[in-house]
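Here are my notes on the model you sent. They are set out as numbered points, to be read beside the structure.

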Protein chains: 2
Amino acid sequence: MAEPLRAPQQDRSRATRQKLLEASVESLAQVGYAATTVAVVAARAGVSRGAAQHHFPTRADLFEAAVEYMTEVRLAEIRSHAASLPVGAGRTEAIVAMLADVYTGPLFRAALHLWVAASTEEPLRRQIVRLEAHVGRQAHRALLEVLDVSEKTPGVRETVQGILDMARGLGLADLLTDDSKRRRGIVRQWSKILDQALSG
Amino acid sequence: MAEPLRAPQQDRSRATRQKLLEASVESLAQVGYAATTVAVVAARAGVSRGAAQHHFPTRADLFEAAVEYMTEVRLAEIRSHAASLPVGAGRTEAIVAMLADVYTGPLFRAALHLWVAASTEEPLRRQIVRLEAHVGRQAHRALLEVLDVSEKTPGVRETVQGILDMARGLGLADLLTDDSKRRRGIVRQWSKILDQALSG
DNA sequence: CGGAAAACAAGCACCCTTGATTCTTTTCTG
DNA sequence: CAGAAAAGAATCAAGGGTGCTTGTTTTCCG
């Protein structure tokens with residue numbers, strides 16, 4: 001547990017901590033959970049093992065903090081992407097394409113590795129469920145907003161959730177091979193379908 | 001005397017091998033890739049570690065065979081489910097529900113763990129990509145058939161692929177928590193959408 | 001035919017590597 | 001200088017691989 005908001009830590013210490021978290025996420029995305037050892041993370045962050053040890057007593061502590069960190073970054077990513085969307089004709093397709101991009105990006109990749117690992121490691125699982133619910137809700141809300149639809153309308157909720165699940169599936173497919181070509185076609189087609197479903 | 005044990009060694013060996021493969025898949029689904037050690041698999045299968053080592057010299061060999069085995073079983077599962085579908089009104093929803101079921105079942109779960117592990121382990125990755133392409137193609141074909149649509153029609157290909165990706169996403173969501181309630185709503189809604197998309 | 005030898009299945013014990021954690025020492029900075 | 005931060009060495013457990021042994025089935029040759 002981190003101490004409740006004391007005055008900002010020493011700059012050097014804070015920077016080291018930050019570097020460790022970034023390195024963790026990068027490492028997760030690139031080499032997966034098992035290969036993301038404390039030694040690897042420390043090396044990537046350019047600090048010694050002992051330094052990592054100082055900030056995160058156990059490996060679990062490191063991942064706990066990394067999940068928290070990723071949550072923030074992912075929410076920031078969603079917001080920034082949502083802000084730069086075109087209006088008019090191609091908007092829906094731009095939205096779906098953006099969604100597919102987010103869910104094939106490095107952050108989602110790292111999250112995916114964590115999910116699967118967490119599914120069999122209880123303490124981590126609980127924590128991820130909690131934070132993921134948060135991210136999911138925000139994503140859902142943002143999607144409703146940019147699509148300019150209301151959950152009040154019957155079916156809209158499920159429609160939007162389904163699209164999010166599809167994006168997750170696309171991200172999964174992209175894990176093993178470069179799936180971008182196939183994905184483009186799906187995005188185009190499903191933008192049309194989505195438009196119809198939401199207007200009809 | 002004592003000759004009744006007509007246990008052709010070949011059969012016994014095959015049975016052991018089979019038990020090891022089944023145990024591998026179960027273990028993958030339940031405890032994940034990292035925790036599926038040869039010792040665990042052997043124990044589950046009710047044989048000694050040495051026996052496992054005899055059939056599969058390395059852990060990688062075990063997973064190699066397990067992937068092959070899973071491919072067969074998954075294809076059989078697809079075929080059997082496809083055979084028992086209702087006709088008439090609720091057919092599309094039954095199809096989508098069936099899809100969602102398959103992608104939240106233990107076989108998919110095991111496959112999911114393997115995918116993620118394979119994404120960072122080259123030899124395994126190559127093999128899974130090859131076999132997954134096969135399974136994916138068969139699933140796609142089966143889906144076209146039970147939906148009674150043709151790929152010749154523009155857009156149908158992408159529509160069907162998208163649904164498969166959504167099923168994958170639903171499977172992923174079900175990994176960390178019991179997602180069945182939310183899933184039911186999505187299945188219902190997306191059956192409607194799919195019907196419209198394929199008829200329009 | 002009969003019996004040994006080869007082949008095969010399975011079990012058991014040990015070695016070696018890896019990775020996490022603990023402990024001790026050095027280096028900053030306030 | 002004192003205490004936090006970082007580095008590095010030492011310890012310990014887990015897991016995979018290898019070699020050896022035992023028991024059983026098949027083969028093959030006198």
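1. Salt bridges overall. The structure holds 19 salt bridges, counted over all chains. Keep in mind that this is a predicted model. As background, side chains of opposite charge can pair when their charged atoms come close. Points 2 to 4 take up some examples.

2. A pair in chain A. Glu151(A) and Arg157(A) form a salt bridge, and their closest N and O atoms are 2.7 Å apart. Are these two partners buried or exposed? Neither word fits Arg157(A), because a relative accessibility of 39% makes it partly exposed. Glu151(A) also counts as partly exposed, at 34% relative accessibility.

3. A pair between two helices of chain B. In this salt bridge, Arg44(B) meets Glu26(B), with 3.6 Å between the closest N and O atoms. Glu26(B) sits in helix 1 (residues 9–31) of chain B and Arg44(B) in helix 2 (residues 38–45) of chain B, so the salt bridge ties together parts that are 18 residues apart in sequence. Glu26(B) is partly exposed, with a relative accessibility of 41%. Arg44(B) has a relative accessible area of 35% and is partly exposed.

4. A network with members in chains A and B. Arg182(B) and Asp179(B) form a salt bridge through their side chains, at 3.0 Å from N to O. How exposed is each partner? Asp179(B) has a relative accessible area of 9%, which means that it is buried, the cut-off being under 20%. Arg182(B), at 24%, is partly exposed. The pair does not stand alone: salt bridges with shared partners join Asp179(B) and Arg182(B) to Asp165(A) and Arg168(A) in one network.

5. Helix 6 of chain B. This helix covers residues 106–118, which is 13 residues. From its first C-alpha to its last it reaches 18 Å, close to the 18 Å expected at 1.5 Å a residue. How many of its residues are buried? The count is 11 of 13, and helix 6 of chain B is therefore described as mostly covered, with buried set at under 20% relative accessible area. Among the buried residues of helix 6 of chain B are Phe108(B), His113(B) and Trp115(B). The buried set in this helix also includes Leu107(B), Leu112(B), Leu114(B) and Val116(B).

6. The surroundings of DNA strand C. There are 17 residues around DNA strand C, and the closest are Arg59(A), Thr16(B), Ser48(B), His54(B) and His55(B). Of the atoms of DNA strand C that come within 4 Å of the protein, 76% belong to sugar and phosphate. By class, the residues of this surface are three nonpolar, 11 polar and three charged.

7. Phosphate contacts of DNA strand C. Which part of Arg59(A) lies 2.8 Å from a phosphate oxygen of DNA strand C? A backbone N or O atom does. Val38(A) also has a polar backbone atom 3.3 Å from a phosphate oxygen of DNA strand C. For His55(B), an N or O atom in the side chain is 2.7 Å from a phosphate oxygen of this strand. The elements that give two or more residues to the surface near DNA strand C are helix 3 (49–55) of chain A, and helix 1 and helix 3 (49–55) of chain B.

8. The surroundings of DNA strand D. Here 16 residues surround the strand, the closest being Thr16(A), Ser48(A), His55(A), Arg49(B) and Arg59(B). Sugar or phosphate accounts for 68% of the atoms of DNA strand D within 4 Å of the protein, and bases for the rest. The surface near DNA strand D has three nonpolar, 10 polar and three charged residues.

9. Phosphate contacts of DNA strand D. A polar backbone atom of Ser48(A) is 2.6 Å from a phosphate oxygen of DNA strand D. His55(A) has a polar side-chain atom 2.6 Å from a phosphate oxygen of the strand, and for His54(A) the distance from a polar side-chain atom to a phosphate oxygen is 3.1 Å. Which helix gives the most to the surface near DNA strand D? Helix 3 of chain A does, with four residues. Helix 1 (11–31) of chain A and helix 3 of chain B each supply at least two.

10. A residue to locate last. Arg184(B) lies in helix 9 (residues 180–199) of chain B. Its relative accessible area is 53%, so Arg184(B) is exposed. Arg184(B) and Thr71(B) are 113 residues apart along the chain, and 27 Å separates their C-alpha atoms.

Definitions and conventions: Residues are numbered from 1 along each chain as its sequence is written. Chains are lettered from A and ligands numbered from 1 in the order in which they are written. This is a predicted model: local features need pLDDT of at least 70, side-chain atom pairs count only at pLDDT 80 or more; totals for chains, interfaces and linings use all residues. Side-chain values use heavy atoms; hydrogens and water are left out. A salt bridge is a side-chain nitrogen of Lys or Arg within 4 Å of a carboxyl oxygen of Asp or Glu. Buried means under 20% relative accessible area, exposed over 50%, partly exposed in between (1.4 Å probe, protein chains only). The expected span of a helix is 1.5 Å times one less than its number of residues. A residue is near a molecule or strand if one of its heavy atoms lies within 4 Å of it. A polar contact is a pair of N or O atoms within 3.5 Å; within protein, one must be able to donate a hydrogen and the other to accept it, and residues adjacent in sequence count only if both atoms are side-chain atoms. Ala, Val, Leu, Ile, Met, Phe, Trp, Tyr, Cys and Pro count as nonpolar, Asp, Glu, Lys and Arg as charged, and the others, Gly among them, as polar.
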